[in-house]
Amino acid sequence: MLKPEDLRTVFMGTPEFAVGSLQGLLDSGIHLVGVYTQPDRPKGRGKKLAASPVKQLALEHEIPVYQPQKLRDSAAVEELRQLQPDLIIVVAYGQILPQAVLDMPRYHCINVHASLLPKYRGAAPINKAIIDGETETGVTTMLMDVGLDTGDMLVKRSLDIGKNETSGELHDRLALLGRDVLEETLQQLCSGALVTEKQNDELSCYAPMMKKEDGLIDWHRSAEDIHNQVRGLDPWPGAYTYLDGEVLKIATTTVNLDVSGEPGTILSADKAGVCVACGAGALNIGELQLPGKKRLSAMNFLSGRPLFVGTQLEQP
């Protein structure tokens, strides 16, 4: 039976989502010989280079950090080979692993993916599950292959999605679940109990990376669909419409099926919120934001920028 400390392990990850999984590995006592993360990026108004959340945690624990621009470059592959990894664990790294890397560790490359595979392969499974109105999602660990999230599944755990839950809120819960699922996967690997399951490609769907233009609201769609779009894109890139030619971001919405009107028309605007007619039903908006301004509650927004019943929110 293997012990975690017997496994020379390389961790690959970049954003906050991966931090919990890395901390879980640290707590397990696994032999971490290196952490790979994306190169430092400009951040904030000063555009100063900032380390990724994963890099910050690795440095706190004095683990060697590697940040190749392209992992597929032969020099980067050789540098990784020198670490002699028995196991590579990947959590939202942000680069595609070449076959030479996939073939390197004897205990495989294991990925932690934030969906119930084979559904929602791709870069934005959390956002897309909410946008599609799913009521359940989860985390799956899998053996990596050259395909996009197509490898054999290992451990899968689910959780319910709240009807008003945002992608930011779900992200945080899935990050915690990802740590637990990875811990269970590692325990099964060490005990020899790990079982693989092929994915059914016929049940798969794709979750591409979100773009700012995905946030543009079509008020002719149903209130339910728009509500899912708003919460699925919160906090980024954000859902938006146009008011007097200005971008108006909206958030914290609920569905109202008791009223109706011409799509995009403001039906009411008071301290309780802003209600806008949709193709079916209406949308109650709790928070709004104009360019260069902070996101404000409806009450605070309206105190500085009144909205009148009958105003039409525009398409560009």
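How many bridges join β6 to strand β7, and in which sense, parallel or antiparallel, do these strands run? In this predicted model, three bridges join β6 to β7, which comprises residues 109–113, and the two strands run parallel. Within this pairing, I89 has I110 of β7 as its bridge partner. Strand β1 is likewise joined to β6, in this case by five bridges, and these strands also run parallel; here the bridge partner of G13 is V91 in β6.

The surroundings of β6 can be described residue by residue. The strand is mostly covered, with five of its five residues buried. In a regular strand the side chains alternate between the two faces of the sheet. Both faces of β6 are covered, since L87, I89 and V91 on one side are buried, as are I88 and V90 on the other.

These pairings belong to an open sheet of seven strands, arranged in the order β5-β2-β1-β6-β7-β8-β9 and with mixed pairing. The edges are formed by β5 (65–66) and β9 (153–160), each of which has a single partner strand, so that one side of each is left without a neighbour in the sheet. Helix α1, spanning residues 19–28, packs on this sheet and touches β1 (8–13), β2 (31–36) and β6 (87–91), while its direction makes about 160° with that of β2. Strands of a sheet pair through backbone hydrogen bonds, either parallel or antiparallel. The antiparallel sense is represented by strand β8 (residues 136–143) and β9, which pair over six bridges, and T137 stands opposite L159 in β9.

Besides its packing on the sheet, α1 also meets another helix. Two packed helices are described by the angle between their axes and the distance between the axes. The axes of α1 and helix α6, the latter formed by residues 167–191, come within 8 Å and cross at roughly 40°; the two helices are therefore oblique to each other, and their crossing is right-handed. On the side of α1, the contact is made by G20, S21, Q23, G24, L25, D27 and S28, whereas α6 contributes G178, R179, L182 and L186. When the residues of this contact of α1 with α6 are sorted by class, three are nonpolar, six are polar and two are charged.

Notes. Residues numbered from 1 in each chain as written. Predicted model: local features only at pLDDT ≥ 70, side-chain atom pairs only at ≥ 80, totals over all residues. Heavy atoms only, no water. Pairing = 2+ DSSP bridges. Helix = DSSP H or I, 4+ residues; strand = E, 2+ residues; numbered from the N terminus. Contact = heavy atoms within 4.5 Å. Axes fitted to C-alpha atoms, helices over the stretch in contact; angles between N-to-C directions. Parallel < 35°, antiparallel > 145°, perpendicular 65-115°, else oblique. Left-handed = near helix turned anticlockwise from the far one by under 90°. Nonpolar A, V, L, I, M, F, W, Y, C, P; charged D, E, K, R; others polar. Buried < 20%, exposed > 50% of the residue type's maximum accessible area, 1.4 Å probe, protein only.
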